[in-house]
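Here is a short briefing to read with the structure open beside you. Take a moment to look around, and then follow the notes topic by topic.

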Amino acid sequence: MPKQDFRHSMPLRVRWAEVDPQSIVFNAHYLTYCDICVTEYWRAVGIRYPDDVLHAHGVDIYVVKSTLEYHASARFDDMLDIRGRVARIGRSSMLFRVEMYRGDEHLVTGEIVYVCADPATQRSAPVPDAVRGRIAAYEHVPPRS
């Protein structure tokens, strides 16, 4: 996916605590980077989580799948450009795509699938129209359905 397809972008500097003895980012930290990106995405879109999802609509979102594809390694003190977008919205699920770059070098691709569900029953529920609307208004490349 071209970098310009991502409206949301955030910087992150690799910290000492995130690297192994070779000064390479330990693989599990990339999922943390994805989670930070998703949190900042909701903020950029104007959705206060959990107030605008759980409390306003009675649903919550749950991760059901996450994948990472490694293209190159990030190292201690690298300044990363982490980009995220909702790439697909179904009836009750959303696919969030994250790409991590060091300059123009594409390091990691992450995909996280969230399912919207009733927190009491854990049964899937439709993504609220208000959430869909905020995402559609924010993204300059519309999510697939």
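**A salt bridge across the chain**

Arginine 102 is partly exposed, its relative accessible area being 24%. Please keep in mind that this is a predicted model. The partner of arginine 102 is aspartate 78, and the closest N and O atoms of this salt bridge are 2.6 Å apart. The pair ties together distant parts of the chain, with the two positions 24 residues apart in sequence numbering.

**More on this pair**

- Aspartate 78 sits in the loop that runs between strand 2 (60-70) and strand 3 (79-89).
- Arginine 102 belongs to strand 4 (residues 93-102).
- Aspartate 78 counts as buried, with 14% relative accessibility.

**Other salt bridges**

- Searching the whole structure turns up twelve salt bridges.
- One of them joins glutamate 40 to arginine 43, with 2.6 Å between the closest N and O atoms.
- Both glutamate 40 and arginine 43 are found in helix 1 (residues 29-45), where they are three residues apart, or about one turn of the helix.
- Glutamate 40 is partly exposed at 28% relative accessibility, and arginine 43 is exposed, with a relative accessible area of 54%.
- Another salt bridge pairs aspartate 52 with arginine 48, and here the closest N and O atoms are 2.9 Å apart.
- Aspartate 52 is buried, with a relative accessible area of 19%, whereas arginine 48 is exposed at 52% relative accessibility.
- Arg48, Asp51 and Asp52 form one network through salt bridges that share partners.

**Cysteines**

- How many disulfides does the count come to? The count is zero disulfides.
- Cysteine 34 takes part in no disulfide, and the nearest cysteine sulfur, which belongs to cysteine 37, is 7.2 Å away.
- Why is there no bond between cysteine 116 and cysteine 37? The two sulfurs are 20 Å apart, which is too far for a bond, and cysteine 37 holds the closest cysteine sulfur to that of cysteine 116.
- For the sulfurs to count as a disulfide, they would have to lie within 2.5 Å.
- Is cysteine 34 buried or exposed? Cysteine 34 counts as buried because its relative accessibility is 0%.
- Cysteine 116 also counts as buried, at 2% relative accessibility.

**Annotated region**

- In an unreviewed entry, UniProt lists residues 24-108 as "domain: Thioesterase".
- The chain over residues 24-108 is 28% helix and 42% strand.
- The C-alpha atoms at the two ends of residues 24-108 are 13 Å apart.

**Overall fold**

- The protein has three helices and five strands.
- Reading from the N terminus, the order of the elements is β-α-α-β-β-β-β-α.
- The protein is as compact as a globular protein of its length, because its radius of gyration of 16 Å is close to the 15 Å that the globule rule gives for 145 residues.
- The C-alpha trace spans about 45 × 30 × 20 Å along the principal axes.

**Packing and surface**

- Among the 145 residues of the protein, 42% count as buried.
- Of the contacts with a separation of 6 or more, 70% are between residues 24 or more positions apart.
- The exposed area of the protein is about 7,600 Å², and carbon and sulfur atoms supply 52% of this area.

Notes:
Residues numbered from 1 in each chain as written. Predicted model: local features only at pLDDT ≥ 70, side-chain atom pairs only at ≥ 80, totals over all residues. Heavy atoms only, no water. Buried < 20%, exposed > 50% of the residue type's maximum accessible area, 1.4 Å probe, protein only. UniProt positions renumbered as here; feature names shortened; annotations may be inferred. Helix = DSSP H or I, 4+ residues; strand = E, 2+ residues; numbered from the N terminus. Salt bridge = Lys/Arg side-chain N within 4 Å of Asp/Glu carboxyl O. Rg over C-alpha atoms; globule rule 2.2 N^0.38 Å. Contact = heavy atoms within 4.5 Å. Areas by Shrake-Rupley, 256 points an atom, 1.4 Å probe, with all protein chains shown as cover.
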